[in-house]
4 protein chains.
Amino acid sequence: MKILVGKNYEAMSELTKNILLGYMSNDRRVNMSITGGKTPVLVYDKLVEVVKDSPNYDNVHYYNFDEIPVSGQAEGITISDLRKLYLNPANINEENIHPLTVENYTEQDRALAEVGGLDVMLIGLGGDGHFCGNMPNTVNFSNLTYRIEITGEESWFEPGMGDIKEFVTMGPVSVMRVKHLILIVNGSAKAKMVKTALTGPITEEVPASILQLHPNLTVILDEEAASELSL
Amino acid sequence: MKILVGKNYEAMSELTKNILLGYMSNDRRVNMSITGGKTPVLVYDKLVEVVKDSPNYDNVHYYNFDEIPVSGQAEGITISDLRKLYLNPANINEENIHPLTVENYTEQDRALAEVGGLDVMLIGLGGDGHFCGNMPNTVNFSNLTYRIEITGEESWFEPGMGDIKEFVTMGPVSVMRVKHLILIVNGSAKAKMVKTALTGPITEEVPASILQLHPNLTVILDEEAASELSL
Amino acid sequence: MKILVGKNYEAMSELTKNILLGYMSNDRRVNMSITGGKTPVLVYDKLVEVVKDSPNYDNVHYYNFDEIPVSGQAEGITISDLRKLYLNPANINEENIHPLTVENYTEQDRALAEVGGLDVMLIGLGGDGHFCGNMPNTVNFSNLTYRIEITGEESWFEPGMGDIKEFVTMGPVSVMRVKHLILIVNGSAKAKMVKTALTGPITEEVPASILQLHPNLTVILDEEAASELSL
Amino acid sequence: MKILVGKNYEAMSELTKNILLGYMSNDRRVNMSITGGKTPVLVYDKLVEVVKDSPNYDNVHYYNFDEIPVSGQAEGITISDLRKLYLNPANINEENIHPLTVENYTEQDRALAEVGGLDVMLIGLGGDGHFCGNMPNTVNFSNLTYRIEITGEESWFEPGMGDIKEFVTMGPVSVMRVKHLILIVNGSAKAKMVKTALTGPITEEVPASILQLHPNLTVILDEEAASELSL
């Protein structure tokens, strides 16, 4: 595990953008799985500046690693978020976008293997220790890409999730196959979980603890998120 | 995970030899970690036939992944076993042999990283679910290469082990960094553990269950060892 | 460059089979480009014994690297030869066979890139120094996969080729992208060309001389083919 | 070959820095060969800002690919230039710096192989088509790392070079082994050579033409250097 600490959100976003651009600049197909949410917003803003309308990055293919379908909508929450944050402003060709869905998730691991696997995956960390859609005590570390039906009885269930009936996600086995994993976390609110996940026991109660086993994991933090680590 | 089943011990040993020779035939330094014990005896007999006194495999470097020191002896049980089974009959140059010892184990992970990492590791499976020296309930999945002092209170301790006070072993994090992992198992006595380790929950009670997470694991079995699997 | 010399045709074929099987045993898609002709006949006989009707090698995809169309026939000379020598007796699934043709050759380099590139390519050496369809003075070292119309004026043209009007072949740039190149040659008739191609100047008069630049080239010879080399 | 065109020197330097930082951020030893001269000055200025006194990049090892000894001085022209431009201002540990010298050049290819090979090499292009120390008509494409004694009769010899008696350089075979090659060129004066080297015949008269054969070459140009290409 390699831990890079940026002074602040701007610095960690710049570091993250650089790593992604490094991959994107290869002279070959590059398969990249990216995350929605708040943490990567500035990473995408910076990437858009370079990538928008550039012919230089047609070799990059984009994948989402989890998805929550919304009834009555053609596309789920994650891919919609990624389109808004990055894919639309960067004018990415539709043929370079590969949505994971409730319909195709059983084919995801094989489909990725057929194109040479994921080169890089950008993920965040949940305050409860989840990563991708791998939720505490719901995940099995032996999962490939899988689907969960939500019962409302889950420890991580919150009332506001009432409309969500199911989701799909790449599981730990799928994530271990990614050649380079980039975990980004900012803010003091997640500092304790950063420490627990990266230095505590490996247990399904803290799904992200499994990331300690990945052979090429780069963790990018701001100083607040790193504050509980002894570096 | 890819599971190859040979008809018998001869067939599975032939398959294993082929995979190892495939790596050894690359035009670059190849770092290989190999196992002692009974299972690989025929693999080594077959390899010796090809490798003995051949200048073709000077690019291959050998590592052991665990070691049990013996008081009053210059070398431990594992490397002595490897010398007898393979390194001596194949006339391997001493400079291509890199013993792991109680003295150098804290340097092992860094030393491997400095030479580009292990390309391939050949391991066996214990009837109790151990692999390398990762013993049930003694291992932490978050271990790099580590040392264990034996107290005699361990669940896996047996009276015959009375002389063994300590051992060192590459841990799960170290093993996940190996580019290709080859697990060989033969015989009906281990058929149940093959099933448990490869298809059961990932838990420190069954250390080899963690191998399910490796991104490039080839399991080579004879028909007896595979008999509990539904393939 | 790594040069392996087997005592005879049997020994060099066994070595070659082992390297190919090593790749085929990976737990991921493996893309393999193979050669027709006489040299690999025994390699394929040996491979068929292992692969025929085995479910273990469904991850292997086969490509030909050149093709000569025959008027009035659905398939060309190379793929027909490969079917007879290996693909038919080994019962390879049609979906794992990817013929290069005069119709699709302009798409070949992109198509290979899309599936992660070729892992391994098995090639032979022509007595005139050609490899794949890269003919003396006809090839440009800067060629990707390309098509040649035969005029009859070529230095390498022979009367018996009168029916052949055109062919397609992967070019030097395409071949340099292969991760591991295996060149097999047997017999004293090619011993001089082995020496010229592997140790002489790099020139388009001896197309195979460009192989000296490949970063991972394994040459497998019998003692006769190696007889002009000072090893 | 992937060609990235930045609007100007600042933009191409930013792109280059990003690619290098991407590699440097891996959680493993990274071997990087870098170039002296004028073209990379801004790349190094940008890198120093990130790397100076940071513990994050201790995994990066630096190599020079050519060297010109200076009589009476402990170190040659290239490494001295690299120290001034980057290694000193970035406070790189001496143990991460691996100078190529007239004394050790015969060991260079083996030494690089022992540490897993070069991950990335940054090179420039000479107005006469040279790259590294591979000079027109002096280079053989079949060279590994080699030494040249200067006679003064070379086509590329200039009076100002009168004090230089010899130099060493990695050759084409060595450079083809680098996993990712980054060629940077700026300015209109080199626009014609960019076109000749990247699209013309592969010949020892234009040493850089051999780069067309590299399987992972990224060319980074400003608009002036790209002006003769039809992109």
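A strand here is a DSSP run of at least two E residues, numbered from the N terminus. With that in hand, let's walk through this predicted model, starting with one residue in chain C.

**A valine in chain C**

C:Val219 sits in strand β10, which covers residues 217-222 of chain C. Is this valine buried or exposed? C:Val219 has a relative accessible area of 0%, and since buried means under 20%, C:Val219 counts as buried. Setting aside residues up to four places away in sequence, its contacts are C:Met1, C:Lys2, C:Ile3, C:Leu4, C:Leu183 and C:Leu198. C:Val206 lies 13 residues from C:Val219 along the chain, and the C-alpha atoms of the two are 17 Å apart.

**An asparagine in chain B**

Now over to B:Asn18, a residue of helix α1 (residues 9-24) in chain B. Its relative accessible area is 1%, so B:Asn18 is buried too. Which residues does B:Asn18 touch, apart from its neighbours within four places in sequence? They are C:Lys17, C:Asn18, C:Leu21 and C:Gly22.

Here are the two residues side by side:

| Residue | Relative accessible area |
|---|---|
| C:Val219 | 0% |
| B:Asn18 | 1% |

**How chains B and D compare**

A turn of 180 degrees, with a shift of 0.0 Å along the axis, lays chain D on chain B with an RMSD of 0.0 Å. The two copies are therefore related as by a two-fold rotation axis. Their interfaces fit this picture nicely: 100% of the interface residues of chain D are interface residues in chain B as well, which means that the copies meet through the same surface.

Methods:
Residues numbered from 1 in each chain as written. Chains lettered and ligands numbered in written order. Predicted model: local features only at pLDDT ≥ 70, side-chain atom pairs only at ≥ 80, totals over all residues. Heavy atoms only, no water. Least-squares fit on C-alpha atoms with pLDDT ≥ 70 in both. Contact = heavy atoms within 4.5 Å. Helix = DSSP H or I, 4+ residues; strand = E, 2+ residues; numbered from the N terminus. Buried < 20%, exposed > 50% of the residue type's maximum accessible area, 1.4 Å probe, protein only.
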